[in-house]
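User: Hi! I am new to reading protein models. Could you help me see how the words used for one are justified?

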Amino acid sequence: MNTQNQGTPDNAIFSLFSGDNAEILANPFGLLAMMRSVSAVMPLPFPIMGPDHTAWMVTRMQEAVQVLKDQAHFTVDASSIGMEGLFGRDSAEADDAATFFTNKTMLTVDEPDHRRLRLLVSRAFTPKYIESLRPRVQEIANELLDSVQEQGQMDLVADYAFPLPINVISEMLGVPRADRDQIRVWSEALAHGLGVGKRDPGVQAHMRAFGEYVAHLVAEKRQHPAEDLISQLIAIEEGGDRLSETELLSMITLLIFAGHETTSNLIATGSLMLLDHPDQLEQLKADPGLVSSAIEELLRFNGPATIAGPRFAIEDIELGGQQIKKGDVLFAILASANRDESQFTESEELDIARTLNRHIAFGQGIHTCLGAPLARLEGDIAFSTLLRRLPNLRLNIPRENIVWTFSLNSRSVSSLPIAF
Ligand code: HEM
C-alpha cells in the first residue's frame with residue numbers, strides 16, 4: 001500500500017502511535033468522532049513501517065469487530081502470510097522486539113498455537129478462580145490506603161493505581177516484591193519500545209534488561225519451584241512439548257506486562273473521569289452497587305487500550321467500502337468503536353448506570369483479554385475502597401496541569417495528585 005491514498009485526516013491521529021501531540025493524547029475523542037463520521041476504515045501514513053507505508057484505521061464498531069473476529073481474513077502474525085511485520089524482518093529492531101515480546105506470545109500467533117498457549121494459563125484467569133483472590137486484593141488495597149490516609153493527599157498513580165495490580169500479578173506469578181519498581185521502569189520502556197520510541201538506544205537497553213531479568217527469574221524458579229504460575233509453567237515446559245523455552249519467557253513477559261499496565265490505567269484514568277464528572281461520582285458514592293456498571297462505562301468511555309494490536313489482511317478484501325490488499329496492516333481503534341453513535345445512546349456521555357454497554361475495551365474474538373476477570377475484580381475493589389475510605393476525594397493540582405502519557409496502545413495520566 002502506498003501513501004497516495006484518498007482522504008487521510010489530519011496526521012494528528014498518528015500521535016496515538018507516537019505520543020507526540022499532547023493535546024490529542026489528552027483527548028483524542030473529537031478527532032476520532034470526525035474520523036468515524038468520514039469513514040469506517042481510513043488510511044493513515046504510517047512511517048513506523050517505512051517511508052511510504054500506510055495503515056488502515058478502523059473507526060466504527062461493526063468493522064472493528066469484524067477485523068478482530070474474522071480469522072479467515074485477518075491475522076495477528078504477518079509472517080504466516082509471508083509478509084514482514086510492523087518493523088521489517090531483518091532489522092535489529094525486529095530482533096529485539098521478537099526476543100522479548102512480539103513473536104511468541106498468544107497475542108501474536110494464530111490458531112492452533114494461540115489456543116495451545118492460552119490454555120496453559122487460562123485456568124488461572126477464570127472468573128471463579130479470580131474471585132477467590134478477592135480477600136487478598138482487598139487486603140492490598142487497604143494496605144496501600146493505610147499508608148497514605150494520615151497524609152490527606154497522595155499521588156493516586158504512584159501510591160495506588162500502579163502498586164495494586166502489579167502486586168497482585170506479581171504474587172500470582174511469584175515475582176519478588178523488591179523487583180516491582182524496576183519492573184515498572186522496564187515495562188514502560190517495553191510499551192514505548194514496541195512503538196515509535198524503540199529507535200531510542202536507551203529503550204533497547206531496558207528491553208534487554210527486562211528480558212535478562214525474566215530469564216534469570218526462570219532459572220531461579222527452576223532451582224527453587226514454588227506455588228506460583230511461573231513454577232507451573234516451568235513444569236509444563238520441562239514435562240513435554242507443549243511450551244518451548246522462548247514461549248515460556250515470552251509468556252511470562254506478557255503476563256507481567258499486560259497484567260499491570262492496563263489495569264493501573266483503568267484505575268487512574270477512571271478516577272480522573274469520575275472527578276471530571278462530579279454528578280457521576282456522587283451517584284456512585286450514593287449507590288456503591290453501581291460499581292460494576294461504572295467500571296464497564298469507564299472502560300467504554302476512556303478505556304486503557306486505545307487501539308488493538310495490528311492485524312494483517314490474509315487476502316484482498318473489501319471492508320467499510322475500502323479495498324484492502326493482502327498484507328495491509330489494520331488497527332481497530334477501540335476508543336473510537338466504543339463511542340460509535342450507532343451502537344450507544346449518547347455515546348459521548350459518561351453514564352455509570354448505562355445498562356446496554358457492549359463495548360470492546362477488552363477486544364473481541366479469540367484474543368479477547370485473558371485478564372478481563374482479574375482487571376474487573378481489581379477495578380471493583382480499587383474504586384469501591386477508594387470511595388468508601390476517601391469520600392472527599394478531589395484533585396490536588398489544576399486540571400490543566402495533568403500530563404498524559406503514551407505507550408504502545410494505551411494512554412493514561414502519569415501522575416494524579418489528589419487530596420482527601
Ligand atoms: C483494564 C485492564 C485491561 C485492558 C483494558 C486490557 C485490554 C486488552 C485487549 C484490548 C486485548 C486484546 C488485544 C488485541 O486483540 O490486539 C487484551 C489481550 C490480553 N490481555 Fe488484557 N487488558 C487488561 C488487563 C489485563 C490483565 C490484568 C491481564 C493479566 C495477565 C491481561 C492479559 C492479557 C492477555 C494475556 C491477552 C492476550 C489474549 C490472547 O491473545 O488470547 N490483560 N487485553
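**Asking what the words mean**

Analyst: Happily! Let's start with proline 112, which sits in the loop between helix H5 (92–102) and H6. Helices here are DSSP runs of H or I with at least four residues, and strands are E runs of at least two, numbered from the N terminus. This is a predicted model, where local features need pLDDT of at least 70, side-chain atom pairs count only at pLDDT 80 or more, and totals for chains, interfaces and linings use all residues. Residues are numbered from 1 along each chain as its sequence is written, and side-chain values use heavy atoms, without hydrogens and water.

User: What joins glutamate 111 and proline 112?

Analyst: A cis peptide bond, with omega at about 5 degrees. Most peptide bonds are trans.

User: How confident is the predictor in the protein chain, going by pLDDT?

Analyst: pLDDT is the predictor's confidence in each residue, from 0 to 100. The protein chain averages 88, and 90% of the residues score at least 70. Over residues 89–95, though, the pLDDT is below 50. Residues 1–9 also stay under 50.

User: Why is serine 271 called buried or exposed?

Analyst: Buried means under 20% relative accessible area, exposed over 50%, and partly exposed in between (1.4 Å probe, protein chains only). Serine 271 has 4%, so it is buried. This residue belongs to helix H15. Its contacts, meaning heavy atoms within 4.5 Å, include Leu156, Phe383 and Leu416, leaving aside residues up to four places away in sequence.

User: What makes the link between serine 271 and isoleucine 267 a polar contact?

Analyst: A polar contact is a pair of N or O atoms within 3.5 Å; within protein, one must be able to donate a hydrogen and the other to accept it, and residues adjacent in sequence count only if both atoms are side-chain atoms. The serine 271 side chain reaches the backbone oxygen of isoleucine 267 at 2.6 Å.

User: And glutamate 346: is it buried or exposed?

Analyst: Its relative accessible area is 61%, so glutamate 346 is exposed. You will find it in the loop between helix H18 (334–337) and helix H19 (372–389). Its phi is near 45 degrees, a positive value in a residue other than glycine. Most residues other than glycine have a negative phi.

User: How do you know that the buried residues of H6 are on the same side?

Analyst: The buried residues of helix H6 (residues 113–122) are His114, Leu117, Arg118, Leu120 and Val121. They share a side of H6 because they cover an arc of only 150 degrees around the axis. That arc is taken from the directions from the helix axis to the C-beta atoms. Among what covers them are helix H13 (229–239) and helix H14 (245–258).

User: Which residues are closest to the ligand?

Analyst: They are His114, Arg118, Arg311, His367 and Cys369, out of 30 residues that surround the ligand. A residue counts as near if one of its heavy atoms lies within 4 Å. A polar side-chain atom of histidine 114 is 2.6 Å from an oxygen atom of the ligand, and for arginine 118 the distance is 2.7 Å.

User: What makes helix H10 mostly covered?

Analyst: In helix H10 (residues 163–173), 10 of its 11 residues are buried. Among them are Pro163, Ile166 and Leu173. Just after H10, glycine 174 takes a positive phi of about 90 degrees.
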